[in-house]
Amino acid sequence: MADTSQRPARPGRPGRDPAPTFHDEEKAGRSRLVSLLVETRSIMPSGGATGLPLILAIAAMCFLASLTLGAALSVGHAAAEWTGQLSGAFTVEIKPSPEMKPDKQLSEVMSLLGQTNGIVSARPVTRSETAKLLEPWLGKGNVTDDLPIPQLVDVTIDPASPPDLAALAINVAAVAPGALLDTHRQWQAEIISAAHAVLWLAYAVLGLVAATTTAIVVFATRAGLSANRDVVEVLHLIGARDRFIAREVQHHFLHLGLRGGIAGLALSVLTFVVLSFAGDNGALFLMPVTGLQLTHYPILLAVPIASALVAVLTARITVMRELEHML
Amino acid sequence: MIRFENVGMRYGMGPEVLRDVSFELAPGSFHFLTGPSGAGKTSLLKLMFLAVRPSRGLITMFGQDIATLPRKEMPALRRRIGVVFQEFRLLDHLTTYENVALPLRIQGQPESAWRADVMELLAWVGLGDRIHAKPPTLSGGEKQRAAIARAVVGQPDVLLADEPTGNVDPEMGQRLLRLFVELNRLGTSVLLATHDRSLVEAAGAPELVLKEGGLSIRG
């Protein structure tokens with residue numbers, strides 16, 4: 001065989017302008033983020049089964065996954081908030097007693113609370129407020145002035161250094177006969193367990209959606225790759241190394257995964273924003289939820305990143321397996 | 001350069017499509033591969049461009065036994081072989097320029113190193129004004145020339161072409177033949193699989209004749 005470097009130059013005209021290009025130089029000049037999102041030119045086709053349909057499938061699944069993640073995050077936040085509110089307060093209930101006049105009972109209790117460390121505020125609930133609380137059971141206007149109803153005192157405590165509630169209960173009963181402490185302990189336990197149940201439900205749904213999203217991204221990626229099998233085979237036959245082909249394919253699916261993921265994320269963020277405006281701290285899972293906190297939004301970014309990773313890994317594993325079957 | 005000794009090939013558990021095929025292609029040679037449809041021409045070419053392994057026998061390419069060659073060394077060998085596929089197998093989403101430049105791009109050299117060469121080659125095969133066109137908009141003859149340009153752009157030691165004049169009129173067939181003869185004159189070994197008797201007679205080159213899986217050499 002003749003030495004190829006010694007061959008005479010081929011006849012023909014020199015390159016004309018504008019010379020076509022794979023845009024490699026342009027790619028090098030772009031910022032990393034832009035080149036991640038905008039695929040300039042790839043050896044893999046951007047249309048067909050690996051183009052818009054795949055992006056749409058990934059976007060739809062990422063939308064659902066972000067919604068579920070957002071819901072789980074806000075339920076978690078809300079549960080923590082309720083627990084904090086409940087454990088940060090208690091009520092003193094003063095029942096009428098033959099041993100002491102009601103006014104005296106109240107003033108004794110108030111002065112005791114005033115002297116106790118760890119109490120932020122104590123506010124007697126007015127008779128009309130108490131009547132309102134009873135209305136659902138007794139009916140409007142049925143709480144007459146001569147009806148003996150207990151006097152309530154709303155107490156807020158400092159969660160950082162709470163008072164000794166057991167000792168306080170004894171002291172309250174001692175200074176004012178008929179007065180007792182309602183620490184909401186029973187309610188608190190029930191609400192916390194309800195909040196935990198909702199939270200576990202949210203996590204279960206999130207797990208299910210994440211698994212489904214992964215499965216759909218895997219199947220969509222494989223479908224996309226099988227549509228491009230011919231491209232992979234041609235590259236292989238003209239002497240491309242497996243590494244080169246895998247890199248091209250991964251790059252392609254990284255773009256698709258990220259684009260789909262970000263579209264889905266954007267849609268879900270929009271949904272949360274609309275919900276927070278329209279639904280007045282929209283109620284999710286039948287419980288009042290304070291909506292997604294600002295600090296939660298960055299966590300949602302995990303969804304498109306995960307979807308892109310799943311797409312890239314699937315593409316790599318699938319194409320490497322396919323190439324191994326080729327000689 | 002390429003040596004087959006008692007090579008047999010079957011697909012899966014099917015019958016042998018090639019039986020005891022033995023021949024050798026010398027550097028700088030020019031051969032035709034002929035035979036009726038179904039005689040095994042495409043299978044023989046697939047063995048030569050390393051798409052499939054033989055069921056038995058010995059194939060030596062450029063002095064290396066391909067049965068014992070590690071898989072990771074195959075790409076380097078394939079780059080020494082230019083292939084014009086029967087259906088061209090151009091990538092429809094790439095332009096003519098990008099298709100032709102593909103073998104150079106996969107070698108990882110910067111585009112600036114070979115852009116001018118590719119443009120020159122495109123002009124040489126008469127596609128200088130079709131560089132931005134994509135394969136679906138090319139005529140049969142243009143696709144064929146683009147496929148040939150892609151096969152030779154990496155300056156392979158051997159060019160294998162499966163029915164390269166199958167879809168073009170006799171005049172274009174003769175033009176393409178002149179292209180192959182010119183390439184051969186520049187040092188590339190050429191093997192053309194064809195049905196076209198006029199092409200074989202015009203070139204007067206030796207013929208590998210496949211019949212019912214067996215090979216004989218004529219001329």
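Select B:Leu50 in this predicted model. B:Leu50 follows helix 1 of chain B and has a positive phi, near 60°. For comparison, most residues other than glycine have a negative phi.

Step back to helix 1 itself, residues 41-48 of chain B. Is this helix mostly covered or mostly open? Helix 1 of chain B is mostly covered, with six of its eight residues buried. To display them, pick B:Lys41, B:Ser43, B:Leu44, B:Leu45, B:Leu47 and B:Met48.

**The open sheet of chain B**

Next, show the strands of the sheet beside this helix. Six strands of chain B form an open sheet with mixed pairing, in the order 6-7-8-3-9-10. Which strands stand at the edges? They are strand 6 (81-84) and strand 10 (214-218) of chain B. Each has a single partner strand, so one side of each is left without a neighbour in the sheet. Looking across the sheet, the twist averages 20° from one strand to the next.

Keep the sheet on screen and bring back helix 1 of chain B. Helix 1 packs on the sheet and touches strand 3 (30-34), strand 7, strand 8 (189-193) and strand 9 of chain B. The direction of helix 1 makes about 150° with that of strand 7 of chain B.

Now add helix 5 of chain B, residues 140-152. Helix 5 also packs on the sheet, where it touches strand 6 and strand 7 of chain B. Its direction makes about 170° with that of strand 6 of chain B.

Move to strand 9 (residues 207-211) of chain B, which runs antiparallel to strand 10 of chain B and is joined to that strand by five bridges. One pair to label is B:Lys211 and B:Gly214, which stand opposite each other, the latter in strand 10 of chain B.

**A loop with a positive phi**

Return to the end of helix 5 of chain B and select B:Gln155. This residue lies in the loop between helix 5 and strand 7 (158-162) of chain B. Its phi is near 50°, a positive value in a residue other than glycine. How exposed is B:Gln155? B:Gln155 is partly exposed, because 19 other C-beta atoms lie within 10 Å, and a residue counts as buried at 20 or more.

**Strands 1, 4 and 5 of chain B**

Hide the open sheet and select strand 1 (residues 2-10) of chain B. Strand 1 runs antiparallel to strand 4 (residues 56-61) of chain B, with five bridges joining the two. Within this pair, B:Phe4 has B:Ile59 of strand 4 as its bridge partner.

Stay in strand 1 of chain B and select B:Asn6, which is placed there. Phi of B:Asn6 is near 50°, again a positive value in a residue other than glycine. Why does B:Asn6 count as exposed? B:Asn6 counts as exposed because it has 12 C-beta neighbours inside 10 Å, and the exposed class takes in 12 or fewer.

Follow strand 4 of chain B onward to strand 5 (residues 64-65) of chain B; the two pair in the antiparallel sense over two bridges. B:Met61 stands opposite B:Gln64 in strand 5 of chain B. Strands 4 and 5 of chain B form a hairpin with two residues between them. In the turn, select B:Phe62, which has a positive phi of about 50°.

**Chain A**

Switch to chain A, which has eleven helices and six strands. Of its 327 residues, 29% are buried. Among contacts in chain A with a separation of 6 or more, 85% are between residues 24 or more positions apart.

Colour chain A by domain: domain 1 is 44-82 + 196-325, and domain 2 is 96-177. How far apart are their centres? Taken over C-alpha atoms, the centres are separated by 54 Å.

Then select helix 4 (residues 102-115) and helix 6 (residues 165-175) of chain A, whose axes come within 9 Å and cross at roughly 145°. The crossing of helix 4 and helix 6 of chain A is right-handed. To see the contact, show A:Glu108, A:Val109 and A:Leu112 on helix 4, and A:Asn171, A:Val172 and A:Val175 on helix 6. By class, this contact has four nonpolar residues, one polar and one charged.

Finish at helix 8 (residues 229-237) of chain A, whose buried residues are A:Val231, A:Val232, A:Val234, A:Leu235, A:His236 and A:Leu237. Just after helix 8 of chain A comes A:Gly239, with a positive phi of about 105°.

Conventions. Residues numbered from 1 in each chain as written. Chains lettered and ligands numbered in written order. Predicted model: local features only at pLDDT ≥ 70, side-chain atom pairs only at ≥ 80, totals over all residues. Axes fitted to C-alpha atoms, helices over the stretch in contact; angles between N-to-C directions. Helix = DSSP H or I, 4+ residues; strand = E, 2+ residues; numbered from the N terminus. Left-handed = near helix turned anticlockwise from the far one by under 90°. Contact = placed C-beta atoms within 7 Å. Nonpolar A, V, L, I, M, F, W, Y, C, P; charged D, E, K, R; others polar. Domains from an automatic or database assignment. Pairing = 2+ DSSP bridges.
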